[in-house]
Amino acid sequence: VPSGTVLALHVIMNPVGALVAAGHSLRLDIAGANFPCFAVNPHTGAAQGIPGPRKKARISIFSAPDAPSRIILTTLPEAP
């Protein structure tokens with residue numbers, strides 16, 4: 001994706017369970033790769049897993065009326 005391009009992505013994560021106490025917070029980390037779970041992403045457009053030059057990934061999250069960002073968390077009632 002060319003630098004500065006706003007792109008809409010819908011990311012479905014694997015299920016995660018966490019008990020978060022009242023007043024505590026969550027942190028979301030966003031990465032351009034997840035080695036060794038997935039092959040190395042060279043961020044050049046070349047095929048993954050093939051040796052060659054690599055570029056640093058720059059990930060930007062846009063949040064504006066014309067480019068809204070959000071994360072939807074599903075909550076379950078606390079067990080009795």
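Okay, let me start with Arg27, which counts as exposed, at 71% relative accessibility. Keep in mind that this is a predicted model. So who does that arginine pair with? Arg27 makes a salt bridge to Asp29, and the closest N and O atoms sit 3.2 Å apart. The partner, Asp29, counts as exposed too, because its relative accessibility is 55% and the cut-off for exposed is over 50%. And if you search the whole structure, you find one salt bridge.

Now zoom out to the fold. How many helices and strands does the protein chain have? Zero helices and zero strands.

What about the overall dimensions? The C-alpha trace spans about 55 × 35 × 20 Å along its principal axes. The radius of gyration of the protein chain comes out at 17 Å, whereas a compact globule of 80 residues would be near 12 Å.

On burial, 2% of the 80 residues in the protein chain count as buried. The chain exposes about 8,200 Å², with carbon and sulfur atoms supplying 58% of that area.

Next, contacts along the sequence. If you take the contacts with a separation of 6 or more, 27% of them involve residues 24 or more positions apart.

One last residue to click on: His43. What is odd about its backbone? His43 has a positive phi of about 60°, although it is not a glycine. And is His43 buried, partly exposed or exposed? At 26% relative accessibility, His43 counts as partly exposed, since that class lies between the buried limit of under 20% and the exposed limit of over 50%.

That's my tour.

Conventions
Residues are numbered from 1 along each chain as its sequence is written. This is a predicted model: local features need pLDDT of at least 70, side-chain atom pairs count only at pLDDT 80 or more; totals for chains, interfaces and linings use all residues. Side-chain values use heavy atoms; hydrogens and water are left out. Buried means under 20% relative accessible area, exposed over 50%, partly exposed in between (1.4 Å probe, protein chains only). A salt bridge is a side-chain nitrogen of Lys or Arg within 4 Å of a carboxyl oxygen of Asp or Glu. Helices (H or I, at least four residues) and strands (E, at least two) are DSSP runs, numbered from the N terminus. The radius of gyration is taken over C-alpha atoms; the globule rule is 2.2 Å times the number of residues to the power 0.38. Contact means heavy atoms within 4.5 Å. Accessible areas come from the Shrake-Rupley method with a 1.4 Å probe; for residues, only the protein chains shown count as cover.
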